[in-house]
Amino acid sequence: MNEEFSITPWEVKGKIDYERLVKSFGVKIIDDNLKSLIKKVFGEIPKLIARNIFYSHRDLDILLNEYLNGKKFYLYTGRGPSGPMHLGHILPFIFTKYLQEKLSTMLIIQMTPDEKYVYHEDMRPSEVYNYTIDNIRDILALGFNSQNTYIIDDIRNINFLYPLAISVARKVTFSTARAVFGFTPETNIGLIFYMAIQAAPAFIGYFISDEYKYCLIPAAIDQDPYWRITRDIAGKLGFPKPAQIHGKLLPSLKATGKMSTSEPESAIYLSDDDDIVKTKILNAFTGGQPTAREQRLYGGNPEICTVYMYYYYLFEEDDRKLMERYTKCKNGEILCGECKEELSRRIINFLSQHRRRKEKIDDEYIEKYMIDSKVNLEDQIKKYLLLR
Ligand code: TRP
């Protein structure tokens with residue numbers, strides 16, 4: 001039985017069927033063969049891949065084989081600053097940081113205030129601006145390397161993006177964009193053009209350094225429509241098609257859908273204080289029985305439990321301990337109360353460390369990452385366009 005769900009880069013509704021997405025998006029599952037190749041490159045299978053949280057891809061196999069032949073790739077990811085960040089939002093960044101560290105590779109992070117401004121027609125420019133800075137601070141608090149991490153803020157750095165974006169836009173027809181994104185006659189033309197802005201960083205890395213022959217985009221799977229079009233036109237502009245590795249969305253604490261910004265109770269925000277975390281976890285949807293007696297008798301169901309999912313996604317690295325929790329729950333040896341209390345403790349601990357790191361990140365710190373304080377590409381990009 002398939003519950004209905006819908007997923008676009010801007011909104012997710014219902015319970016996502018990830019297997020079905022693979023078919024409808026035309027992407028590939030990361031299978032055992034690819035996992036062996038990943039192990040060859042990384043010396044291990046990254047936890048988030050082993051647990052099938054980053055679970056599908058486009059051309060990752062090709063990219064890794066090329067890598068083994070000495071051809072390096074850079075990473076590109078991003079964030080749309082529509083509000084404060086929650087745990088689900090930082091999951092792809094945690095994964096990206098792992099990739100960057102393991103391969104000592106260049107990373108481009110795109111901040112898209114323009115996207116959120118055109119999508120949320122009631123958002124004021126000052127709000128989007130403030131979230132951009134706040135979100136950058138949350139992202140940098142994860143500890144990205146300032147040497148080879150470049151932040152592009154679409155508004156501040158439009159001069160870097162525009163020449164590439166306009167050459168992308170010239171190759172994308174309205175009928176393609178409408179088919180891929182589901183645009184309607186009511187869609188504003190800002191959002192229609194915006195896709196070209198999100199495509200640009202998939203090529204801009206080649207102007208920063210000729211060390212890199214390819215681009216890999218780690219992102220949540222809801223971003224895939226952007227990459228389908230970007231890949232379509234890459235060849236026409238003389239660039240390699242960017243490869244992708246797609247992540248699942250951290251489940252909502254309320255049982256259906258991903259953590260959503262519109263429903264604050266369903267997510268843990270990085271700014272939530274200890275009491276709020278405790279209350280949210282206390283009220284989370286579990287796979288437990290209604291009473292302790294029944295729980296002991298029949299056991300719980302970790303498969304549908306959002307508390308268990310939090311351990312699985314972020315808060316239990318140790319596979320053996322995770323399995324133990326699973327089995328104990330099934331056997332009724334552990335009650336939801338204990339499981340929730342321990343999870344709250346771990347989340348509170350994570351958040352307090354996160355906030356301590358975030359406090360140190362001021363304007364001066366951020367400047368070290370901004371693309372315009374690191375490189376000047378304008379001439380190169382313009383020249384590239386003139387040659388075409
Ligand atoms: N559209 C993304 C969002 O709404 C932001 C984004 C821009 C992005 N470029 C990206 C996300 C590259 C992942 C990878 O959050």
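Which side chain meets that of Lys-358 in a salt bridge? In this predicted model, the partner is Asp-134, with 2.8 Å between N and O.

The salt bridge is best placed against the overall division of the protein. Domain 1 comprises residues 6-253 together with 373-386, and domain 2 comprises residues 264-359. Their C-alpha centres are separated by 30 Å. Between domain 1 and domain 2 there are four salt bridges, and 15 residue pairs are in polar contact across the interface. On the side of domain 1 that touches domain 2, the elements giving two or more residues are α3 (47-50), α5 (87-103) and α7 (125-140). Of these, α5 gives the most, with four residues.

The interface can also be described by area. About 2400 Å² is buried between domain 1 and domain 2, and carbon and sulfur atoms account for 65% of it. Within domain 1, the residues that lose the most area to domain 2 are Arg-51, Leu-87 and Leu-253, which together make up 37% of what that side buries.

Helix α1 offers a second view of the structure. This helix spans residues 18-25, and its buried residues are Tyr-18, Leu-21, Val-22 and Phe-25. Seen down the axis of α1, these residues fall within an arc of 105 degrees, and therefore line one face of the helix. Their cover includes β1 (5-7), β3 (28-29), β4 (54-58) and α12 (224-234). The face turned away from the buried side carries exposed Glu-19, Lys-23 and Ser-24. At the start of α1, a side-chain oxygen of Asp-17 comes within 3.2 Å of the backbone nitrogen of Glu-19. After the helix follows Gly-26, with a positive phi near 70 degrees.

Key
Residues numbered from 1 in each chain as written. Predicted model: local features only at pLDDT ≥ 70, side-chain atom pairs only at ≥ 80, totals over all residues. Heavy atoms only, no water. Buried < 20%, exposed > 50% of the residue type's maximum accessible area, 1.4 Å probe, protein only. Arc of directions from axis to C-beta. Contact = heavy atoms within 4.5 Å. Polar contact = N/O pair within 3.5 Å; in protein donor to acceptor, adjacent residues only side chain to side chain. Domains from an automatic or database assignment. Buried area = accessible area lost by both parts, 1.4 Å probe.
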